[in-house]
Amino acid sequence: MYPTLKDNNNNTITDNATGLTWTKVDSGHLKAGVNKDGKLNWKQALKWAENLEYAGHSDWRLPNAKELHSIVDYSRCPDVTNSAAIDPAFEVTAIKNEGGKKDYPSYWTSTTHAKVSQ
């Protein structure tokens, strides 16, 4: 675990460097989505986070790209460590990729992408 991350022992983790509190588990663990498998598109993820009541909090939101980047662990990846590229303090739901191999999901952010016109 990054030295700034603190497990609150209530299924949340606080990052003392940013002041953010994160859910320890992802949408797969929380059975989000139409099929209760955690799979959400961007709009669904925004709405799900906004309406989530979890661990005594009701003010959840998707992180922006910079905030999400703060918990990425570049020493980890599915092909090398058989783990998600996120701090191991978090519980990540494994998925099967297109080739049928164990993999890990991507995470949505609230950051939008502006189209660049030519």
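**Figure 1. N9 in the loop between β1 and β2****.** N9 is exposed, with a relative accessible area of 71%. The model shown here and in the other views is predicted. N9 has a positive phi of about 60°, although this residue is not a glycine. The loop that holds N9 connects β1 and β2.

**Figure 2. N82 in the loop between α3 and β4****.** N82 is another residue other than glycine that has a positive phi, with a value near 55°. The residue is found after α3 (78-81), in the loop that leads to β4. With a relative accessibility of 44%, N82 counts as partly exposed.

**Figure 3. The open sheet of β1, β2 and β3****.** The sheet has 3 strands in the order β1-β2-β3, and their pairing is antiparallel. β1 and β3 each have a single partner strand and stand at the edges, so one side of each lacks a neighbour in the sheet. On average, neighbouring strands of this sheet are turned by 25° against each other, direction ignored. In a regular strand, side chains alternate between the two faces of the sheet.

**Figure 4. The hairpin of β2 and β3****.** Strand β2 (residues 12-15) runs antiparallel to β3 and is joined to β3 by 4 bridges. T12 has T23 of β3 as its bridge partner. Between the two strands of the hairpin lie 4 residues. G19, in the turn, has a positive phi of about 80°.

**Figure 5. The salt bridge between K24 and D7****.** The structure holds 2 salt bridges, one of which is formed by K24 and D7. The closest N and O atoms of this pair are 2.6 Å apart. K24 lies in the loop between β3 (20-23) and α1 (42-51), while D7 belongs to strand β1 (residues 5-7), so the salt bridge ties together parts that are 17 residues apart in sequence. K24 is buried, with a relative accessible area of 16%. D7 is partly exposed, its relative accessible area being 23%. Side chains of opposite charge can pair when their charged atoms come close.

**Figure 6. The salt bridge between R61 and E67****.** The side chains of R61 and E67 meet at a distance of 2.9 Å, N to O. R61 is partly exposed, with a relative accessible area of 48%. E67 has a relative accessible area of 16% and is buried, because the cut-off for buried residues is under 20%.

**Figure 7. The largest pocket and its lining****.** The volume of the largest pocket is about 930 Å³. The pocket is lined by 36 residues, of which D26, S27, W48, L62 and Y107 are the closest to its centre. At least two residues of the lining come from each of β3, α1, α2 (65-69) and β4 (95-96). β3 supplies the largest share, with 4 residues. By residue class, the lining divides into 19 nonpolar, 8 polar and 9 charged residues.

How values were computed. Residues are numbered from 1 along each chain as its sequence is written. This is a predicted model: local features need pLDDT of at least 70, side-chain atom pairs count only at pLDDT 80 or more; totals for chains, interfaces and linings use all residues. Side-chain values use heavy atoms; hydrogens and water are left out. A salt bridge is a side-chain nitrogen of Lys or Arg within 4 Å of a carboxyl oxygen of Asp or Glu. Buried means under 20% relative accessible area, exposed over 50%, partly exposed in between (1.4 Å probe, protein chains only). On a 1 Å grid over the protein atoms alone, a cavity is a set of points where a 1.4 Å probe fits but cannot get out, and a pocket is an open set with protein on both sides within 12 Å along at least five of seven lines; lining residues have an atom within 4 Å of a point. Grid points are joined across faces, edges and corners, and a volume is the space filled by probe spheres set on the points. Ala, Val, Leu, Ile, Met, Phe, Trp, Tyr, Cys and Pro count as nonpolar, Asp, Glu, Lys and Arg as charged, and the others, Gly among them, as polar. Two strands pair if DSSP finds at least two bridges between them. Axes are lines fitted to C-alpha atoms, for helices over the stretch in contact, and angles run from 0 to 180 degrees between N-to-C directions.
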